[in-house]
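Reader: Hi! I'm new to this, and I'd like a close look at just one part. Could you walk me through the place where the ligand sits?

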Amino acid sequence: MPGAGRGWRRLTDPDPPGGAAVRIRGLEHEYGRGARRLPVLRGVDLDIEAGDHIALTGPSGAGKSTLLSLVGGLERSQRGELRVDGQELSRLRGDALSGYRRRTVGFVFQHFGLVQVLTARENLELALTLSGVPRRARTVRAEMLLDQVGLRDRAGHRPAQLSGGEQQRVAIARALAHRPRLLLADEPTGNLDEEASARVLDLLDALRAESGCTLVVVTHNPAVAARAPRRARLAAGLVRA
Ligand SMILES: Nc1ncnc2c1ncn2[C@@H]1O[C@H](COP(=O)(O)OP(=O)(O)OP(=O)(O)O)[C@@H](O)[C@H]1O
Ligand SMILES: [Mg+2]
């Protein structure tokens, strides 16, 4: 795969970040209220070890994205235990919560979530700015990240000028910009053909192997799930490993 390897190692030196451990017990979450109440998670139990790669599958509407957004600190869990490296997320507020989202978690969304008016390089620089990386270091890091995902020659392209697979690789580079210890990918190959999917998965594998981050991939695709050494299925509000 182009660019994987040395560049990333340089990026993570001198102190590779490793992975975060996730512990979930009796996690419940519902949307709406009263007659419109919709229980989605009904007591999820799941342990993910530091550096683990796990695929989360289950029918549409089962709550996979909900679970991912709880683990990523995008939504607050309502009942049960949700700890990342021992820290209960529902207790985090304000700066501590945004710090957790910015420093610990990398999120790859199904629909890329790139800023359309910015080029690939600028999307990465924006993410680095939000993580507090100084201007000069940002430029160097953005170049390294683009190299890492094999898109150095597309740095000046805006998302609309990139293929779906290329946009997803920029989105992965962006999720990795701050060297997260927990990488959450929601259907990262959902819109891609087989070849582009394989490249994205190779990339995620290589990055995880080198950075040691914990990787959770939500997918409907059995071939994508099969690549993870560990699989869990979410159905009827519960996880079955
Ligand atoms: N913000 C919300 N408000 C109300 N209901 C929601 C909200 N987000 C999700 N839901 C509902 O919660 C359920 C779980 O949604 P979720 O997106 O977690 O499912 P999913 O397993 O990711 O599905 P898919 O495989 O289709 O992406 C669905 O029935 C959905 O309609
Ligand atoms: Mg979903």
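Author: Sure! A residue is near a molecule if one of its heavy atoms lies within 4 Å of it. One thing up front: this is a predicted model, where local features need pLDDT of at least 70, side-chain atom pairs count only at pLDDT 80 or more, and totals for chains, interfaces and linings use all residues. Residues are numbered from 1 along each chain as its sequence is written, chains are lettered from A and ligands numbered from 1 in the order in which they are written, and side-chain values use heavy atoms, with hydrogens and water left out.

So, who's around ligand 1? You'll find Tyr31, Leu38, Val40, Pro59, Ser60, Gly61, Ala62, Gly63, Lys64, Ser65, Thr66 and His220 there. Sorted by class, that shell has 5 nonpolar, 6 polar and 1 charged residues (Ala, Val, Leu, Ile, Met, Phe, Trp, Tyr, Cys and Pro count as nonpolar, Asp, Glu, Lys and Arg as charged, and the others, Gly among them, as polar). Strand S2 (38-48) and helix H2 (64-71) each supply at least two residues, and H2 gives the most, with 3. Helices (H or I, at least four residues) and strands (E, at least two) are DSSP runs, numbered from the N terminus.

Now the polar contacts, meaning pairs of N or O atoms within 3.5 Å. An N or O atom in the Lys64 side chain is 2.6 Å from an oxygen atom of ligand 1. For Thr66, a polar side-chain atom lies 2.5 Å from a ligand 1 oxygen, while Gly61 uses a backbone N or O atom, 2.8 Å from an oxygen atom of the ligand. Taken alone, ligand 1 exposes 630 Å², and the protein buries 57% of that (areas come from the Shrake-Rupley method with a 1.4 Å probe).

Terms used
A polar contact is a pair of N or O atoms within 3.5 Å; within protein, one must be able to donate a hydrogen and the other to accept it, and residues adjacent in sequence count only if both atoms are side-chain atoms.
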